[in-house]
Amino acid sequence: MRQRKIKNEEERLSEHNQYLIKEPQRWKGKWQQLFNNKNNIYTELGCGKGQFILTMALLYPDNNYIAFEGRGSIILRALEKAAQKDSKNIVFVKEYIKDSNEYFEGNELSGIYLNFSDPWPKDRHSKRRLTHSSYLEGYRTVLKKDGFIEFKTDNDGLFFFALDEFNNQGMKCLEFSRDLHSTELDAKKVTTEYEDKFRASGKKINYCKVQV
Ligand SMILES: C[S@@+](CC[C@H](N)C(=O)[O-])C[C@H]1O[C@@H](n2cnc3c(N)ncnc32)[C@H](O)[C@@H]1O
């Protein structure tokens, strides 16, 4: 995602400390305490400017949401929107997640959203893809038994790679489409910034939901 450098980025990020979680590893196993309730927790890895996860948080006030985004200039947009909406059931982490076990205890999450993850097209970079087996093994540990991963992408190569990896991990496909928006699946109802952009240019959206 291209983004111009933002002036006073750190200062502007610090204006949103209510939403931006410092030392997130400290909350491992205790995220429900942070939200001060026992509601289910869902996370998006690579939330960009937050359109998807903020809409989910608004639609489902009885769920808790944790959104990860590595780029400060991008997450700042999501934080600003969260503050405008006065969202109570969402927090953000400004980190590039590598191992989900660093942040979550076993069975702590109910679902993981991977929306338009960076494709890393070169084979030698395949381990950086958020659907690489090494990531999936981590997701399986931190998700509950009936937990799910939802994956959307415009990128066919990345989609087939992910399907292979899900299959290799024995993850069961619950929903699948090569053209999400021609279906009646719920996953088409809440879109991301990238999804809107690709749809506007006529691209079909690949989608699948797996149970771990
Ligand atoms: C192509 S953008 C998609 C953004 C958004 N999900 C959407 O669909 O509009 C991918 C985003 O994921 C972020 N990202 C990539 N790897 C990440 C990681 N390991 N942890 C957190 N964020 C990551 C990038 O900084 C980028 O903003």
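**Helix 6 and the ligand shell**

In this predicted model, the buried residues of helix 6 pack against three strands: strand 5 (143–153), strand 6 (172–177) and strand 7 (206–211). The residues in question are Leu158, Phe159, Phe161, Ala162 and Phe166. Looking down the axis of helix 6, these buried residues fall within an arc of 165°, so they line one face of the helix. That fits the usual helical bookkeeping: an α-helix has 3.6 residues a turn, so residues three or four places apart point the same way. Turned away from the buried side is a face with the exposed residues Asp156, Gly157, Phe160, Asp164, Asn167 and Asn168.

The length of helix 6 checks out too. Its 13 residues (156–168) should span 18 Å at 1.5 Å a residue, and the C-alpha atoms at its ends are indeed 18 Å apart. Just past helix 6, Gly170 takes a positive phi of about 70°.

Turning to the ligand, 19 residues surround it, with Gly46, Gly48, Phe116, Thr192 and Tyr194 the closest. Helix 7 (residues 193–200) gives the most to this shell, putting in three residues. By character, the shell around the ligand splits into nine nonpolar, five polar and five charged residues.

Elsewhere, Asn36 sits in the loop between helix 2 (31–35) and strand 1 (41–45). Asn36 counts as exposed because it has just 9 C-beta neighbours inside 10 Å, where 12 or fewer is the cut-off. From Asn36 to Cys47, 11 residues apart along the chain, the C-alpha separation is 23 Å.

Technical notes
Residues numbered from 1 in each chain as written. Predicted model: local features only at pLDDT ≥ 70, side-chain atom pairs only at ≥ 80, totals over all residues. Near = placed C-beta within 6 Å. Helix = DSSP H or I, 4+ residues; strand = E, 2+ residues; numbered from the N terminus. Nonpolar A, V, L, I, M, F, W, Y, C, P; charged D, E, K, R; others polar. Expected span 1.5 Å × (residues − 1). Buried ≥ 20, exposed ≤ 12 C-beta atoms within 10 Å, placed from the backbone. Arc of directions from axis to C-beta. Contact = placed C-beta atoms within 7 Å.
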